[in-house]
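This report covers a ligand site and a set of charged side-chain pairs. The structure comes first, then the description.

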Amino acid sequence: MSSISFLTAQGHSPERPASMDIFAPDYREEPYWWMAAPPSAADAADPNPLPSKAEVVIVGGGITGLSAAIHLARGGAEVVVADAGAIGGGAARMNAGFLGRTLKRSVGWLEQHVGPDYAVRVYRELDEALKGVESFVEAEGIACYRRSCGRLISANSEPHLRDLVEDMDHMKRRLGFDYEVISKADQQSELASDRYFGGVVVPDLGSIHPGLYHAGLVARAKGAGVRFFPSTTVVGIDADGRRKTVRTDKGAISAGQVIVATNGYTPRNLKWFARRLVPFRGFVMATEVLPAGLIDKVLPRRRTYLDTKMNIDFIRPAPDSERILFGGMTGRLNTTSTSLMPALYRRMVEIMPDLQGARISRSWTGYCAGTFDFMPHIGTQDGIHYAMGYNFAGVPLGTLFGRKLAARILGRGDGTSAFDVGKFPTLPFFNGTGLVAPLAMRYFDHHDRRLAKRT
Ligand SMILES: Cc1cc2nc3c(=O)[nH]c(=O)nc-3n(C[C@H](O)[C@H](O)[C@H](O)COP(=O)(O)OP(=O)(O)OC[C@H]3O[C@@H](n4cnc5c(N)ncnc54)[C@H](O)[C@@H]3O)c2cc1C
């Protein structure tokens, strides 16, 4: 199926500039995943007023918060989840659904800068997180299209390919993680693009429908007795003495234990946390339903796809319909995803020319959280538990860290983590807002261009 026949099938002239016509008639600025799993304040909400007392209060009903809530409630704790918006209105139902064990810091970098044992502990824990989602979804019977589809990492230049293969080789020797090199000549068997210089496939990485996954978490948490209070904004936490006071816009709760699980949505008034997180926007689009055969031509192995840039482009097929999801240009200042779509669409078509003429049906933007050391963090501050700073990879890690926080509070199970390093860096005068994220992304773009020119 060529792009021309696709355009004709849609009733458009092939000559018509794509930028004029990139939005499908049903276009909406809303996550694609909400078609199957819309977040709803009403569904999950506890019918009673906010309690004045609770054993555990969890701030944020995303992946981290709900994973912790399920394990705590099943362990016998009385759990209240307060979320400023709808339950699942954060990144939990907006992400791309890639399941990986990826960090911005490679095994080699960690070995060199922190130590070989630490590097291995970190990557073993990332692997535990990946395997943990797989086994959790299976054990709980959550119908969310989880698949070990494998991931293609495409190299943006020959030097990128050399570095990538070196990293993968190092990781295989140290940790046994498998990979396969794809040469430039074989690239088309994986991805119909001539933009790349080959790449590697990591066969055991996976994907998920994040909306259905999170909806499954909500159902299991409710089944375990967790009480949800959506549209309840936590404005401050007083942590003097043994009990904590969680102040919300609906009243205060006296809590035995508190978990802050707000990641990229952490508000400035939770100052200690906000000062350590760099919130940045991710942008994703979903095409309209594509003609039969087009996905099999463009993404024949139906994997997840990203590249070797620091500011990545990412691609995947939707698991539940014949659409392709494409994301990139992370960290742009656009406050709506629609305004970025012409540029993002151009990039998608540059990478996959067969998609010329495929219109956009959904686009959305949500917040991730970067950190100054590029590492996720789990820990306790002033007696308040937290897990955050996932740097774009919080689906597996949020699930794992939620379980670990529950283990710490219950005093049972393994609550230890290589990411609990007791040091969560910030910068002088940084207050959680401003231009740090876009500046960092500009730096990444510059770094990517420089590396691409290396021979
Ligand atoms: C576009 C995009 C694509 C991504 N793709 C991937 C991917 O493919 N794979 C992957 O692993 N990760 C991905 N991520 C990252 C991943 O979604 C996050 O790391 C993950 O959702 C973090 O989970 P969480 O529960 O900690 O936070 P969230 O799911 O963001 O939940 C935080 C919650 O806290 C609530 N909150 C904030 N402030 C308050 C307050 N004051 N009071 C009460 N509640 C509050 C928010 O309303 C929100 O519901 C992506 C993120 C984005 C934005």
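The text below takes the ligand surroundings and then the salt bridges.

**Ligand site**

The model is predicted. In it, 36 residues surround the ligand, and those that come nearest are Ile63, Thr64, Asp83, Phe98 and Val395. By class, this shell is made up of 21 nonpolar, 14 polar and one charged residues.

Asp83 also has a polar contact with the ligand: an N or O atom of the Asp83 side chain is 2.6 Å from a ligand oxygen atom. Two further contacts involve the protein backbone. A nitrogen atom of the ligand lies 3.3 Å from a backbone N or O atom of Tyr265, and a polar backbone atom of Phe392 is 3.3 Å from a nitrogen atom of the ligand. Taken alone, the ligand exposes 1,000 Å², of which the protein buries 97%.

Which helices and strands each supply at least two residues of the shell? They are helix H3 (63-74), strand S13 (278-287), strand S17 (360-370) and helix H11 (394-410).

Why does the ligand lie between two domains? Residues of the shell come from both domain 1 (1-30 + 151-203 + 278-370 + 432-455) and domain 2 (34-148 + 206-277 + 372-424), so the ligand lies between them.

**Salt bridges**

The structure holds 27 salt bridges. The table lists some of them with their N to O distances.

| Basic residue | Acidic residue | Distance |
|---|---|---|
| Arg74 | Glu140 | 2.7 Å |
| Lys404 | Glu128 | 4.0 Å |
| Arg408 | Asp420 | 3.0 Å |

The side chains of Arg74 and Glu140 form a salt bridge at 2.7 Å. This pair links distant parts of the chain, with Arg74 in helix H3 and Glu140 in helix H5 (residues 116-140), 66 residues apart. Arg74 has 45% relative accessibility and therefore counts as partly exposed. Glu140, at 19%, counts as buried because the class takes in values under 20%.

Lys404 and Glu128 form a salt bridge whose closest N and O atoms are 4.0 Å apart. The partners are again in distant parts of the chain: Lys404 belongs to helix H11 and Glu128 to helix H5, with their positions 276 residues apart in the numbering. Is Lys404 buried or exposed? At 1% relative accessibility, Lys404 counts as buried, whereas Glu128, at 30%, counts as partly exposed.

Arg408 forms a salt bridge with Asp420, and the closest N and O atoms are 3.0 Å apart. Arg408 lies in helix H11 and Asp420 in the loop between H11 and helix H12 (436-453), so this pair ties together parts that are twelve residues apart in sequence. Both partners count as partly exposed, Arg408 at 24% relative accessibility and Asp420 at 33%. Elsewhere, Arg101, Asp127, Lys131 and Asp204 are joined into one network by salt bridges that share partners.

**Glu125 and Leu397**

Glu125 is another residue of helix H5. Its relative accessibility is 6%, so Glu125 counts as buried. How far apart in space are the C-alpha atoms of Glu125 and Leu397? They are 8.8 Å apart, while the two residues are 272 residues apart in sequence.

Conventions: Residues are numbered from 1 along each chain as its sequence is written. This is a predicted model: local features need pLDDT of at least 70, side-chain atom pairs count only at pLDDT 80 or more; totals for chains, interfaces and linings use all residues. Side-chain values use heavy atoms; hydrogens and water are left out. A residue is near a molecule or strand if one of its heavy atoms lies within 4 Å of it. A polar contact is a pair of N or O atoms within 3.5 Å; within protein, one must be able to donate a hydrogen and the other to accept it, and residues adjacent in sequence count only if both atoms are side-chain atoms. Accessible areas come from the Shrake-Rupley method with a 1.4 Å probe; for residues, only the protein chains shown count as cover. Helices (H or I, at least four residues) and strands (E, at least two) are DSSP runs, numbered from the N terminus. Ala, Val, Leu, Ile, Met, Phe, Trp, Tyr, Cys and Pro count as nonpolar, Asp, Glu, Lys and Arg as charged, and the others, Gly among them, as polar. Domain bounds come from an automatic or database domain assignment. Buried means under 20% relative accessible area, exposed over 50%, partly exposed in between (1.4 Å probe, protein chains only).
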